Amino acid sequence: NMPTKQLTPDQQLNLIETTLAKTRENLSHYSFDFLFWGWLIFITATLNFIGLNMATLGPKSYFIWGISPLIGGLYVANYHRKQARIKTNKTYFEFFLQQLWIVLGSVMILFSLSSFFIPFKSLFFFPVLAGVGTLVSGLVLRFRLLVLGGVLLLLFPFVSLFVAPSWNMLLYGLIVFVSFALPGYSLRKAS
């Protein structure tokens, strides 16, 4: 633990690589988040897709988006509150990524709730926010599956323009599953 002023450039690079490896190892404990949100959004989008294609529900099926993320957010917050008692030391990268996702997640939950009162293009807004968080996480950790997931999420709003509107919800669910759950399984396997 020498001060960085006394380290050679090679030693500094090695220190950064070691810190990133430790962060990746620590983030394997966060596989829960990626798996939980990947599955929750996939199931919510699939139920919404089914509801949109049923004559009896139609647009009323969007109601699930106001409930699902709120319940999910409360569940994840409680999960992490319990986990905070167990784990005490975090790397700077972990702290940064945790704060990034708290901010992005809070914004997404607030917009989910406000979607009942303010009309906006949720299938543009949410993938872009999630894509930014996923891409930044993947770049910081040098984790290719997260980088790919972030790129897929950022591309979704543009790809959705070429897909029949009735299928966009299902496509969104699949892209979120690939972007979150697959890296989540990979992180779990690494632990």
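## A walk to the nonpolar patch

Start by selecting W39, which you'll find in helix 2 (helices are DSSP runs of H or I, at least four residues, and strands are E runs of at least two, numbered from the N terminus). This is a predicted model, so local features need pLDDT of at least 70 and side-chain atom pairs pLDDT 80 or more, while totals for chains, interfaces and linings use all residues. Numbering runs from 1 along each chain as its sequence is written, and side-chain values use heavy atoms, with hydrogens and water left out.

Color by accessibility: W39 is partly exposed, at 34% relative accessible area (buried is under 20%, exposed over 50%, partly exposed in between, with a 1.4 Å probe and protein chains only).

Now add I43, L47, I50, M54, V178, L182 and Y185; with W39 they make a nonpolar surface patch of about 670 Å². Patch members have over 30% relative accessible area and no salt bridge, and nonpolar side chains (Val, Leu, Ile, Met, Phe, Trp, Tyr) are joined within 5 Å, like charges within 9 Å. A salt bridge puts a side-chain nitrogen of Lys or Arg within 4 Å of a carboxyl oxygen of Asp or Glu. Areas come from the Shrake-Rupley method with a 1.4 Å probe, and for residues only the protein chains shown count as cover.

Which elements give two or more residues to the patch? Helix 2 (31-52) and helix 7 (165-190), with helix 2 giving the most, four residues.

Last stop, zoom out: the protein has seven helices and zero strands, and buried residues make up 39% of its 191 residues.
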